[in-house]
Amino acid sequence: MNRQSVREAYKRIQPSQAEKDRMLKNILSTASEEPPQRKDATMKPLYKKPVMIAAIVGLMIFLMGCAVVAMNLQELKVGEYTPPAPDASQEGTAPEEPNAMISLQGFAGTANYLAAKEWNDFLDAYDVTAAALEADQNGFLPPEAYDAYECYNQEMIDKLDEICETYGLKLLGSIQMADNVQGTYNAVGIRSIISQNTDAQADVWPGYYYSDGTFQVEGEMGLNGEWPYRAVYQFRRVMKQSFDAAILNVGDMDSYDQWVYTMQDGTQVLLANNGEKGLIIVDKDDCFVTVNVLGVVTEETYYGPLPTERGFMEALAETFDFSF
């Protein structure tokens, strides 16, 4: 999702201006600094055999499911984004390195991962900018069922339908927003994302959700004791019966220290931290959860560097409740 589409989506959900400014700032922090430049391509009609394709994909997913999937960021990568080259006239500037983009839906080999990757690959090969301009000129608006996706014409709608049919997934539908976080919790059927056993000072803001139970909220978590930091985070749960297309820019994947941690309640989580971004990832039977840790609050900035000791991310993970 590029900056323009994020802003357009934001106009539709209409929170208060203060909430909108705060959420928009944090959401854009996960997006690319500039809209990705899609390759020029002429899309040709494909000869489709949906039943055959779905059967093959189903068999492939079953076979891959028989193997143990490693819990690491490499198993989430769906593509790369290379920031625009710096101005050649500025001395000392070096070409930007590609940033890894990861799935927020599941690990490699799962239907949700494959669907997200196929849609991302489609967008990479498509002239999205031209499609968006043409849609603006023609006044094209996709049906509400496609609100969650970057969709500017019938060809893109058809591709989304094809992906859903191939991988046995449902569209997310229209975006919803509650007046307060308890309204969000009630709508998606959970008690809270905050553990009942933590003494952390937790702030959670309403965010948005879909009718299937997929949702995203954000907030701040004030830790106590050994790690007296206030962490800024985004919390996203994706239900596995639906097709969610959101992906996350994590920069240099090799820069992360990552490990599997077993929480006190027995939940296994993948933790990753490179000092600039932290990730808490939980793969459950019916959903996939990603906590994107954007930084810690300091006197100088809202997104200060994260402590790199493993104990910090482990303590932060313990403040959340993934038992839903």
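**Salt bridges, strand pairing and a buried aspartate**

Asp121 is partly exposed, with a relative accessibility of 35%. In this predicted model, Asp121 takes part in a salt bridge with Lys117, in which the closest N and O atoms lie 3.0 Å apart. Both residues belong to helix H4, which spans residues 111-124, and a separation of four residues places them about one turn of the helix from each other. Lys117 is likewise assigned to the partly exposed class, because its relative accessible area of 28% falls between the limits of 20% and 50%.

The protein as a whole contains eight helices and twelve strands. It has 324 residues, of which 49% count as buried. Among contacts with a separation of 6 or more, 66% are between residues 24 or more positions apart. The exposed surface amounts to about 16,000 Å², and carbon and sulfur atoms supply 50% of that area.

Ten salt bridges were counted in the model. Side chains of opposite charge can pair when their charged atoms come close. A second salt bridge of helix H4 involves Glu118, whose side chain meets that of Lys159 at an N to O distance of 2.9 Å. This pair connects distant parts of the chain, since Glu118 is in helix H4 and Lys159 is in helix H6 (residues 154-167), 41 residues apart. Lys159 has a relative accessible area of 11% and is therefore classed as buried, the cut-off being 20%. Glu118 and Lys159 also belong to a network of salt bridges that includes Glu162.

A further salt bridge joins the side chains of Asp203 and Arg230, with an N to O distance of 2.4 Å. Asp203 is located in strand S4 (residues 201-209) and Arg230 in strand S6 (residues 230-239), so this salt bridge ties together parts of the chain that are 27 residues apart in sequence. Asp203 is partly exposed at a relative accessible area of 32%, and Arg230 is partly exposed at 25%.

Strand S10, formed by residues 268-273, pairs with strands S9 and S11. With strand S9 (residues 257-262), S10 pairs in the antiparallel sense over six bridges. Within this pairing, Trp259 is positioned opposite Leu271 of S10. The two strands form a hairpin with five residues between them, and Gly266 in the turn has a positive phi of about 95°. The pairing of S10 with strand S11 (residues 278-283) is also antiparallel and is made through four bridges. Here Ala272 has Leu279 of S11 as its bridge partner. S10 and S11 form a hairpin with four residues between the strands, in which Gly275 takes a positive phi near 90°. Strand S10 is mostly covered, with five of its six residues buried.

Asp321 is found in the segment that follows helix H8 (310-317). Its relative accessible area is 14%, so Asp321 counts as buried under the 20% cut-off. The side chain of Asp321 makes a polar contact of 3.0 Å with the side chain of Arg191. When residues up to four places away in sequence are not counted, Asp321 touches Arg191, Ser192, Ile193, Ile194 and Ser195.

Notes:
Residues are numbered from 1 along each chain as its sequence is written. This is a predicted model: local features need pLDDT of at least 70, side-chain atom pairs count only at pLDDT 80 or more; totals for chains, interfaces and linings use all residues. Side-chain values use heavy atoms; hydrogens and water are left out. Buried means under 20% relative accessible area, exposed over 50%, partly exposed in between (1.4 Å probe, protein chains only). Contact means heavy atoms within 4.5 Å. Accessible areas come from the Shrake-Rupley method with a 1.4 Å probe; for residues, only the protein chains shown count as cover. Two strands pair if DSSP finds at least two bridges between them. A polar contact is a pair of N or O atoms within 3.5 Å; within protein, one must be able to donate a hydrogen and the other to accept it, and residues adjacent in sequence count only if both atoms are side-chain atoms. A salt bridge is a side-chain nitrogen of Lys or Arg within 4 Å of a carboxyl oxygen of Asp or Glu.
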